[in-house]
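Reader: I would like a close look at one part of this structure. Please start from a single residue and work outwards.

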Amino acid sequence: MALGLLILAGGLSSRMGRDKPGVPFPGPDDPPLIHRVAAAVAKLAGPPTIAGPDDYGTGWHLVGDEPGLKGPIAGLIAGLAANPSDLVLVLAADLPFPSPLLAEGLAEIAGCESAAQAIVPERAGQLEPLFAIYRRDAATDLRKMARQLARPGHGPSLRRTVAGLRLRRVSESEWRVRDPEGASFLNCNTPGELAEAAARAQARPDQGGIR
């Protein structure tokens with residue numbers, strides 16, 4: 001079965017001041033940012049599943065958060081459980097430059113290491129769980145761990161929860177062969193970061209696999 005694609009598009013976008021996945025990118029006449037994310041890996045993965053409140057007019061499969069949980073882990077669990085593919089590429093909706101070469105490399109590792117529940121890059125000593133490949137059945141263990149780690153009124157840490165899986169950690173020396181600048185992990189949380197990313201996209205239109 002083909003590699004699945006899950007785009008996490010929940011969250012309040014409080015620092016941005018408007019809905020991040022729906023922001024026209026790179027300019028006001030362009031499609032929403034979430035379209036760019038999906039287009040970057042379209043040749044590698046199947047039609048996206050969106051974990052979030054809106055499909056942005058795409059008609060893509062939309063799922064809500066895992067009941068009783070908050071934060072990105074809730075979308076991750078629900079999106080994995082609903083995905084038709086055994087292997088799922090997970091991307092945050094605010095990553096304008098996801099490298100298809102890096103995604104392909106993670107998929108190759110997943111194909112060779114069947115015992116791993118997730119293939120997750122590390123950057124500066126931290127897991128990058130929002131550009132990673134998960135096995136669909138990891139949702140069961142993630143659900144259990146997330147409920148154990150959740151605190152009243154707060155969702156569990158995504159990194160801490162994912163760290164409890166059987167991981168194949170991908171070191172910087174490995175992933176930088178395919179994404180030397182680490183552009184895949186640049187996200188847009190604020191208007192300033194969005195403006196910087198838009199300028200980069202206009203100056204380098206081939207970045208992120210978009211032609």
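Author: Start with Glu128, which counts as buried because its relative accessibility is 11%. Buried means under 20% relative accessible area, exposed over 50%, and partly exposed in between (1.4 Å probe, protein chains only). The model is predicted, so local features need pLDDT of at least 70 and side-chain atom pairs count only at pLDDT 80 or more, while totals for chains, interfaces and linings use all residues. Residues are numbered from 1 along each chain as its sequence is written, and side-chain values use heavy atoms, with hydrogens and water left out.

Glu128 sits in the loop between β6 (126-127) and β7. Helices (H or I, at least four residues) and strands (E, at least two) are DSSP runs, numbered from the N terminus. Set aside the neighbours of Glu128 within four places in sequence. Then Glu128 is in contact (heavy atoms within 4.5 Å) with Val120, Pro121, Arg123, Arg159 and Phe185.

Now take β7 (131-135) itself. This strand is largely enclosed by the rest of the structure, because 5 of its 5 residues are buried. Both faces are covered. Phe131, Ile133 and Arg135 are buried on one side of β7. Ala132 and Tyr134 are buried on the other.

What does β7 pair with? Strands pair if DSSP finds at least two bridges between them. β4 (87-92) and β7 run antiparallel, with 5 bridges. Val88 has Tyr134 in β7 as its bridge partner. Strand β5 (residues 118-123) is also antiparallel to β7, and 2 bridges join them. Here Ile119 has Ile133 in β7 as its bridge partner.

Ile133 and Ile119 also belong to the largest nonpolar core, which has 30 residues. Such a core is a set of buried Ala, Val, Leu, Ile, Met, Phe, Trp, Tyr and Cys residues joined through side-chain atoms within 4.5 Å. Leu5, Leu89, Ile119, Phe131 and Ile133 touch the most other members. β1, α1 (33-40), β2, β4, α3 (100-112) and β7 each give two or more residues to this core. α3 gives the most, with 6 residues. In soluble globular proteins, nonpolar side chains tend to be buried together.

Look at Phe131 in detail. Its neighbours within four places in sequence are again left aside. Its contacts include Leu89, Val90 and Leu91, then Leu95, Pro98 and Ser99. Leu102, Ala103 and Leu106 touch Phe131 too, as do Pro121, Ser184 and Phe185. A second, separate core has 25 residues, among them Leu80, Val90, Val120 and Ala146.

Leu80 and Ala146 lead to a helix pair. Leu80 is in α2 and Ala146 in α4. Two packed helices are described by the angle between their axes and the distance between the axes. The axes of α2 (residues 72-82) and α4 (residues 138-149) come within 9 Å and cross at roughly 155°. α2 is therefore roughly antiparallel to α4. Axes are lines fitted to C-alpha atoms, for helices over the stretch in contact, with angles from 0 to 180 degrees between N-to-C directions. Under 35 degrees counts as roughly parallel, over 145 as roughly antiparallel, 65 to 115 as roughly perpendicular and the rest as oblique. On the α2 side, Ile73, Leu76, Ile77, Leu80 and Ala81 take part, and they meet Ala139, Leu142, Arg143 and Ala146 of α4. Thr140 is in α4 as well, and counts as partly exposed because its relative accessibility is 39%. Thr140 and Ile73 are 67 residues apart in sequence and 12 Å apart in space, C-alpha to C-alpha.

Return to the largest core and two of its other contributors, α1 and β2. In α1, 6 of 8 residues are buried: Leu33, Ile34, Arg36, Val37, Ala38 and Ala40. The cover over these residues includes β1, β2, β4, α3 and α7 (191-203). Strand β2 (residues 45-51) is mostly covered, with 5 of 7 residues buried. β2 pairs with β1 (residues 3-8) in the parallel sense over 5 bridges, with Leu3 opposite Ala45. β2 also pairs with β3 (residues 61-63) in the parallel sense, over 3 bridges. There, Thr49 has His61 as its bridge partner.

One last loop residue lies between β5 and β6: Ala124. Its phi is near 55°, a positive value in a residue other than glycine. Ala124 is exposed, with a relative accessible area of 68%.
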